[in-house]
There are 2 protein chains.
Amino acid sequence: MELSQRKEKILAAVVEHYIKTGEPVGSKTLLSALDITVSSATIRNEMAELVAFGYLEQPHTSAGRIPTNEGYRYYVDHLMGVRPLDESVKRQIEAGVSLKNASPEAILAKASEFLADMTDCAAVSTTPSGENATIKRVEFVPVGTRTGMIVLLTSTGVIKSKVCRSDVDLNSSMIEKFYNIVKSSFLGLPLDEIDTATLQTLVASMGMDALTMIPFVSAVADLAQEAMQTMVMLGGQSNILRYREDYGTTAYELMDFLRRGEPISQLLANSKEDFDVKIGGENKYKQLENSSVIMAHYNIDGDNRGSIGIIGPTRIDYASLIPSVRYLTNLVGELLTQTLNDD
Amino acid sequence: MELSQRKEKILAAVVEHYIKTGEPVGSKTLLSALDITVSSATIRNEMAELVAFGYLEQPHTSAGRIPTNEGYRYYVDHLMGVRPLDESVKRQIEAGVSLKNASPEAILAKASEFLADMTDCAAVSTTPSGENATIKRVEFVPVGTRTGMIVLLTSTGVIKSKVCRSDVDLNSSMIEKFYNIVKSSFLGLPLDEIDTATLQTLVASMGMDALTMIPFVSAVADLAQEAMQTMVMLGGQSNILRYREDYGTTAYELMDFLRRGEPISQLLANSKEDFDVKIGGENKYKQLENSSVIMAHYNIDGDNRGSIGIIGPTRIDYASLIPSVRYLTNLVGELLTQTLNDD
DNA sequence: AGTTAGCACTCAACTTAAAAGAGTGCTAAC
DNA sequence: GTTAGCACTCTTTTAAGTTGAGTGCTAACT
């Protein structure tokens, strides 16, 4: 649906004013905010048409207009000014995500926390997916008579480790056996091929050694699983209370939804664009029906590997937050590429 | 302040009724809840005295009574029935914290999450403190041309690891040097003696090798720091919304407070009893003035090493939640002792 | 001295009515 | 196509009663 230039101006003004104040916008308010020399009656006529088109709605007969989800959508797609990010804001973001010598998890946790603080929204991020990775290396480090640490390195540079307890005292022949198993059965294997079925056949093939080796083998499998799964890092849940009125009764449901991780992971993974905005009911989840999600995806070695996003009320300040989320996400992508590549 | 038996009965009834309903309790309501054969007028007289003593208060002249913090305190200290935990609840708790082969962090995170779900409160726990621990062992595992993983084991059984990136390609002489430094300067050292000052003198003493060794040495120091610090595991923030009315305007402040970790860590560490209940303003933090904290401490090898607690409104169900928190905490203590001891 | 019936009193909470005000839609003129 | 003007709608605010739960006090009773 194409709109006349004047209608676009009016729609943009309504959206921006409503985002700022949270109050329905009337024709007179609009008149003074707009640099158009028409009367309020004309604006009323225009607004009536915008209601008919489905871009605006009235809470009740004698109130001003508020944007519908479609109105926000049109605004985001066509009207929103994409002013470049302030240098000072860039500087601030750079300072916020700079973490030397940290794990990807720590970087992303920090990024979520920082983004939440900066935007006053809840923020989420997913750790790089290990979908297409293979096992590059496995090491065993004895740390006690029965305890060792297993370290797994994937082809994508992810390093995971886990303490592993043996049922019997460790000795060098056991460790040698373990390395043999690793060599013959794990190295080079895609992470997603390590399922319970393959594990069972592997254990079955070990014969006598099965019993002592099971803790080690299953630890490797656990690590592979862990390296493959994306984790969801969550920050700023408390900010949901900040916009409590806007979320209405879904505030509690929203918090609970964020806590669950899995659906968020899917939500973020489902969009393949460079960045994406989902407004209200555009999200499939009913817990998000009063929320908008602004998300961007970071690349590692050019591959789309994870996402960072914020979740706020539908009347979130799209124009200024979208660039921030994108900038931060790119920065994190660079940082992660660096972290994961210099082995 | 000693109370007559009848006053105690009345106080207990008021507390329990108010905890259940959240409404001020009147003399007639009390009459039917109590198995005392007196008139409502008598109860009114008694309640008036309880108000004078500071155990009850009236929101306004013509309302029933609600307990003051002192009232809750008297109830918790003297009146609360300590009925033993239901077998089914015990079973449920046991299932909730059983985690085989997990790290202390994972165990405590799970425990917090579970406790929050079970009690409908926010739950926190602190990881074992490494205050009196020493460095028992340090290992270096090469995983790439410039990357290695450093593994640190403390005398208390805590294992921490961290990826470490060198500025130059690794070679065996560097690794040997690293192990020499570890041997001469780190092994046996109490964790809390590794501060920046000692690090600086150490680096200074390394001469030529300083530049290449700094990443390794500081990684060890980071790990020691990490092993010493207690982490705060948080669960069920969303439950704060469940009792929103009771928290009043402090709901947001409370959520923000929980997120900060550090003050909670101190709050939990400050009580040296086996278990402890802090009611409303008894907590030093004004963010907790409408909240009560029920906490218990777990022992590892008989030493008090960390805490688990729940945070709810002051009208929390003390009688049934205190035993749950204690039981769960003991269980977690056993689990951790087991996990950290079998090296 | 402790208990109780009785009653006047208080005060939040609810109900109702009226008034105010913001904003609209429509009509008729420009 | 635009606009002034006006009747109309519907929320919000204010005010005034009304209700009802619960109290405190007094005077009589045990």
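# A guided tour of two protein chains and two DNA strands

Select A:Ser125 to begin: directly opposite this residue, in strand 7 of chain A, stands A:Met233. The model on display is predicted.

**The sheet of chain A**

Extend the selection to strand 3 (residues 122-126) of chain A and to strand 7 of chain A. These two strands are antiparallel, and four bridges join them. Next, bring in the other strands of the sheet. It is an open sheet of five strands from chain A, arranged in the order 7-3-10-9-8 with antiparallel pairing. At its edges are strand 7 (232-235) and strand 8 (275-279) of chain A, each of which pairs on one side only. From one strand to the next, the twist averages 15°. As a general point for viewing any such arrangement, the strands of a sheet pair through backbone hydrogen bonds, in either a parallel or an antiparallel manner.

**The helix across the sheet**

Now select helix 6 of chain A. Which strands does helix 6 of chain A lie across? They are strand 3, strand 7, strand 9 (291-300) and strand 10 (303-313) of chain A. Relative to strand 7 of chain A, helix 6 of chain A runs at about 30°.

Keep helix 6 (residues 104-119) of chain A in view and add helix 5 (residues 87-97) of chain A. The axes of these two helices come within 9 Å and cross at roughly 145°. The crossing of helix 5 of chain A with helix 6 of chain A is right-handed. To see the side that helix 5 of chain A contributes, select A:Gln92, A:Ile93, A:Gly96 and A:Val97; they meet A:Lys110, A:Ala111, A:Phe114 and A:Met118 in helix 6 of chain A. By class, the residues of this contact comprise five nonpolar, two polar and one charged.

**DNA strand D**

Turn next to DNA strand D and the protein residues around it. There are 21 such residues, and those that come nearest are A:Arg6, A:Thr42, A:Thr61, A:Ser62 and B:Ser27. Of the atoms of DNA strand D that come within 4 Å of the protein, 75% belong to sugar and phosphate.

Three side chains may be selected in turn here:

- A:Ser62 has a side-chain N or O atom 2.9 Å from a base oxygen of DNA strand D.
- B:Ser27 has a side-chain N or O atom 2.7 Å from a phosphate oxygen of DNA strand D.
- B:Arg44 places a polar side-chain atom 3.1 Å from a base oxygen of DNA strand D.

Which helix gives the most to the surface near DNA strand D? It is helix 3 of chain A, with four residues. Helix 3 (40-53) of chain A and helix 3 (40-53) of chain B each supply at least two residues of this surface. The surface near DNA strand D contains four nonpolar, 13 polar and four charged residues.

**DNA strand C**

Move the selection to DNA strand C. Around this strand lie 21 residues, of which A:Ser27, B:Arg6, B:Thr42, B:Thr61 and B:Ser62 come nearest. Sugar or phosphate accounts for 75% of the atoms of DNA strand C within 4 Å of the protein, and the rest belong to bases.

Three polar side-chain atoms deserve a view of their own:

- In A:Arg65, such an atom lies 3.1 Å from a phosphate oxygen of DNA strand C.
- In B:Arg6, such an atom lies 2.8 Å from a phosphate oxygen of DNA strand C.
- In B:Thr42, such an atom lies 2.5 Å from a phosphate oxygen of DNA strand C.

Helix 3 of chain B gives the most to the surface near DNA strand C, namely four residues. Helix 3 of chain A and helix 3 of chain B each supply at least two residues there. The residues of this surface fall into four nonpolar, 13 polar and four charged.

**The sheet of chain B**

For the last stop, select the sheet of chain B. Five strands form this open sheet in the order 7-3-10-9-8, and the pairing is antiparallel. Why is one side of strand 7 and of strand 8 of chain B left without a neighbour in the sheet? Strand 7 (232-235) and strand 8 (275-279) of chain B stand at the edges and have a single partner strand each, so one side of each has no neighbour in the sheet. Direction ignored, neighbouring strands of this sheet are turned by 15° against each other on average.

Within this sheet, select strand 3 (residues 122-126) of chain B, which four bridges join to the antiparallel strand 7 of chain B. B:Val124 has B:Leu234, in strand 7 of chain B, as its bridge partner. Finally, add helix 6 (residues 104-119) of chain B, which packs on the sheet and touches strand 3, strand 7, strand 9 (291-300) and strand 10 (303-313) of chain B. The direction of helix 6 of chain B makes about 30° with that of strand 7 of chain B.

Conventions: Residues numbered from 1 in each chain as written. Chains lettered and ligands numbered in written order. Predicted model: local features only at pLDDT ≥ 70, side-chain atom pairs only at ≥ 80, totals over all residues. Heavy atoms only, no water. Axes fitted to C-alpha atoms, helices over the stretch in contact; angles between N-to-C directions. Left-handed = near helix turned anticlockwise from the far one by under 90°. Contact = heavy atoms within 4.5 Å. Nonpolar A, V, L, I, M, F, W, Y, C, P; charged D, E, K, R; others polar. Near = heavy atom within 4 Å. Polar contact = N/O pair within 3.5 Å; in protein donor to acceptor, adjacent residues only side chain to side chain. Pairing = 2+ DSSP bridges.
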